[in-house]
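Student: Could you take me through this structure by question and answer, giving the criterion behind each term as it comes up?

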Amino acid sequence: MNAIVECETMTAATRAAALQVLGRFLGDDTHYRASAAHYGDGGPEALERALDLFLARPEIGFVWLARVDGVVTGACVVCYAISTSRGGFVAKLDDVTIDARRQGQGVGSAMLTALAAHLRALAVGRIDTACHRANAAAWHFYERQGFRPLDEERIALLL
């Protein structure tokens, strides 16, 4: 790793940085954009509301941030669920993003390693995520982190 990475949950003080990093991802990532309509993407206003909900309802989930040299350069979203197969809490991981200028420097790996340790300390038994089938770089990244494919496809129903 080329950088020292510090990780933490988003607070009111770091909300603006989280908004910037996640907003860039949701606006620019071609793999997310390919299915954004099916997710019911509500644009920047929806992201603002979501960040406020994470601050108001930390028992449901949180935004995990990675800092390098004091600057937020990575983020991901974690929501809790109850798993009948694990008999306890699991985490749903979404919107994993690292600033393009920091990709390939170990920031993402450090962010997920720290996240896994944080979740273990909270007695969370599994991290679930999804990855666009055409995003080979992301698949390789997740495999290096120990994630394994489930031979399932995420599907959504807008309400």
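The exchange below goes from the sheet to a helix, the cores and some single residues.

Tutor: This is a predicted model, in which local features need pLDDT of at least 70 and side-chain atom pairs count only at pLDDT 80 or more, whereas totals for chains, interfaces and linings use all residues. Residues are numbered from 1 along each chain as its sequence is written, and side-chain values use heavy atoms, with hydrogens and water left out.

Student: What is the order of the strands in the open sheet?

Tutor: Helices (H or I, at least four residues) and strands (E, at least two) are DSSP runs numbered from the N terminus, and two strands pair if DSSP finds at least two bridges between them. On that basis five strands form an open sheet with mixed pairing. Strand 1 (5–9) and strand 5 each have a single partner strand and stand at the edges, so one side of each is left without a neighbour in the sheet. The order is 1-2-3-4-5.

Student: How many bridges join strand 3 to strand 4?

Tutor: Strand 1 and strand 2 (residues 61–68) pair in the antiparallel sense over five bridges, and strand 2 pairs with strand 3 in the antiparallel sense over eight. Strand 3 and strand 4 also run antiparallel, with valine 77 opposite aspartate 94 in strand 4. The number of bridges that join strand 3 to strand 4 is nine.

Student: Which residue in the turn between strand 2 and strand 3 has a positive phi?

Tutor: Strand 2 and strand 3 form a hairpin with two residues between them, while the hairpin of strand 3 and strand 4 has four residues between them, where glycine 87 in the turn has a positive phi of about 65°. In the turn between strand 2 and strand 3, the phi is about 55°, and the residue is aspartate 69.

Student: Why do the buried residues of helix 5 line one face of the helix?

Tutor: Buried means under 20% relative accessible area, exposed over 50%, and partly exposed in between (1.4 Å probe, protein chains only). The buried residues of helix 5 (residues 136–144) are Ala138, Phe141 and Tyr142. Seen down the axis of helix 5, with directions taken from the axis to the C-beta atoms, these buried residues line one face because they fall within an arc of 95°.

Student: Which exposed residues does the face of helix 5 turned away from its buried side carry?

Tutor: With contact meaning heavy atoms within 4.5 Å, what covers the buried residues of helix 5 includes strand 4 (88–98), helix 4 (107–121) and strand 5 (127–129). The face turned away from that buried side carries the exposed residues Ala136 and Arg144.

Student: Which element gives the most to the largest nonpolar core?

Tutor: A nonpolar core is a set of buried Ala, Val, Leu, Ile, Met, Phe, Trp, Tyr and Cys residues joined through side-chain atoms within 4.5 Å. Of the 21 residues in the largest one, Val78, Leu93, Leu112, Leu115, Leu119 and Tyr142 touch the most other members. Strand 2, strand 3, strand 4, helix 4 and helix 5 each supply at least two residues of this core, and the element that gives the most, with five residues, is helix 4.

Student: How many residues does the second, separate core have?

Tutor: The second core is separate from the largest one, and among its members are Ala18, Leu22, Phe25 and Val77. Its residue count is 16.

Student: How far is the sulfur of cysteine 76 from the closest cysteine sulfur?

Tutor: A disulfide is a pair of cysteine sulfur atoms within 2.5 Å, and by this rule the count comes to zero. Cysteine 76 is buried, with a relative accessible area of 0%. The closest cysteine sulfur to that of cysteine 76 is in cysteine 7, too far for a bond, at 8.2 Å.

Student: Is serine 83 buried or exposed?

Tutor: Serine 83 is found in strand 3 and touches Gly88, Val90 and Arg126, not counting residues up to four places away in sequence. Its relative accessible area is 6%, so serine 83 is buried.

Student: What is the relative accessible area of arginine 148?

Tutor: Arginine 148 has its place in the segment after helix 5, and its C-alpha atom is separated by 9.8 Å from that of aspartate 128, 20 residues apart along the chain. Arginine 148 is exposed, with a relative accessible area of 58%.
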